[in-house]
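Got a minute to practise reading a structure? Let's take some labels one at a time and ask what earns each of them.

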Amino acid sequence: MLQLKNINVSINEVDTPLLQNINLEFDLKKITMLMGPNGAGKSSLVQAIMGNPNYLLEGSIILNSEDITQLEVEERAKKGLFLSFQQPIELPGVTQLLYLRTIVEKYNDIKIKPKEFRKQLDEAMEFLEMKKEFNQREMNVGFSGGERKKNELLQLLLLKPKIALLDEIDSGIDVDGLKTISKVIKYLQEECNTTFIIVSHHEYLLKNLDISKVIILDEGGVAKEGSKELGLEILQHGFKGKKIK
Ligand code: ADP
Ligand code: MG
């Protein structure tokens, strides 16, 4: 289980924390959907869980009874954590092929022969229906929003993490892309028992995935927790709907 105990998240020491007194439990091998209005702190929370040093975190993060609060990003990744960014960045000068091989080697502490990696990559790209020409390009450079998101899915599929935090993986993606997201999530759940924490407000994902819990962040904290039905209510009535608050 992944537990957040009395978590505060801030940008700097001066301002009031963006999030205060967060206590949450995420069941392993399940899918939790994290929702909340713009600016509620969803991205900040997942970034802080991953260990982004730009966010100050107080409290503790416990993974399978182990306190991982003090671990660096790389060490958390080694424990199986993965975060897909809401806004993936460009890496000019770094080819997709080199970047992806490097992360797979670092993540798993292994060396892979280029030919062997090409095979893995080809399979993953075929699964995602991505064109092979992408491999020759620089990481995310000139990619459309949707293509960048597909690239995040590609990393997810190659790394096969234990716990995947997906921050608005559906934004900017087309209808077929939504089906691909759902296909990847279901595949990883079945093959690798991956736990998912998904920041999303997409009806398609809510209805098509086996969402075990919905968490609403609002006004600096957890406003409500519930089942899939809570998510569907939000989609119908909005965050200010009388049934929610
Ligand atoms: P969400 O993902 O729920 O839309 P965010 O976590 O991105 O929200 O942001 C929460 C709040 O923190 C927002 O009001 C945002 O403007 C603010 N914020 C996030 N990062 C910074 C930063 N580096 N500097 C100042 N404010 C920030
Ligand atoms: Mg966000």
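Q: What stands opposite L166 in β10, and how do you know which residues make up that strand?
A: L166 stands opposite I198 in β10. The strand covers residues 195–199, and the label comes from DSSP: strands are E runs of at least two residues, helices are H or I runs of at least four, and both are numbered from the N terminus.

Q: What are the ground rules here?
A: This is a predicted model, where local features need pLDDT of at least 70, side-chain atom pairs count only at pLDDT 80 or more, and totals for chains, interfaces and linings use all residues. Residues are numbered from 1 along each chain as its sequence is written, chains are lettered from A and ligands numbered from 1 in the order in which they are written, and side-chain values use heavy atoms, with hydrogens and water left out.

Q: Why do β9 and β10 count as paired?
A: Two strands pair if DSSP finds at least two bridges between them. Five bridges join β9 to β10, which run parallel, so the pair passes that test. β6 and β9 also pair in the parallel sense, over four bridges, and there F82 has A164 as its bridge partner in β9.

Q: What makes β9 "mostly covered"?
A: Five of its five residues are buried, where buried means under 20% relative accessible area, exposed means over 50%, and partly exposed is in between (1.4 Å probe, protein chains only). I163, L165 and D167 point one way, A164 and L166 the other way, and all are buried.

Q: Why is Q3 called buried?
A: Its relative accessible area is 17%, and buried means under 20%, so the label fits. Q3 lies in strand β1 (residues 2–10).

Q: How do you know that Q3 and E25 make a polar contact?
A: Their side chains are joined at 3.4 Å. A polar contact is a pair of N or O atoms within 3.5 Å; within protein, one must be able to donate a hydrogen and the other to accept it, and residues adjacent in sequence count only if both atoms are side-chain atoms.

Q: What makes β2 and β5 edge strands?
A: The open sheet has the order β2-β1-β4-β5, with antiparallel pairing, and β2 (19–26) and β5 (66–67) each pair on one side only. Two bridges join β4 to β5, and L63 stands opposite E66 in β5.

Q: What makes S43 and Q86 donors of the magnesium ion?
A: S43 (OG) and Q86 (OE1) lie 2.1 to 2.2 Å from the ion, which is ligand 2. Donors are N, O and S atoms within 2.8 Å of the metal (3.2 Å for Na, K and Ca), so both qualify; water is not among the atoms, so sites may look incomplete.

Q: Is S43 buried or partly exposed, and why?
A: S43 counts as partly exposed because its relative accessibility is 22%. Q86 is partly exposed too, at 30%. S43 belongs to helix α1 (residues 42–50), while Q86 sits in the loop between β6 and β7.

Q: Which residues of α1 are buried?
A: Eight of its nine residues are buried: K42, S44, L45, V46, Q47, A48, I49 and M50.

Q: Which atom of ligand 1 lies 2.9 Å from the side chain of S43?
A: An oxygen atom of ligand 1 lies that far from an N or O atom in the S43 side chain. Another such distance is 2.8 Å, from an oxygen atom of ligand 1 to a polar backbone atom of G39.
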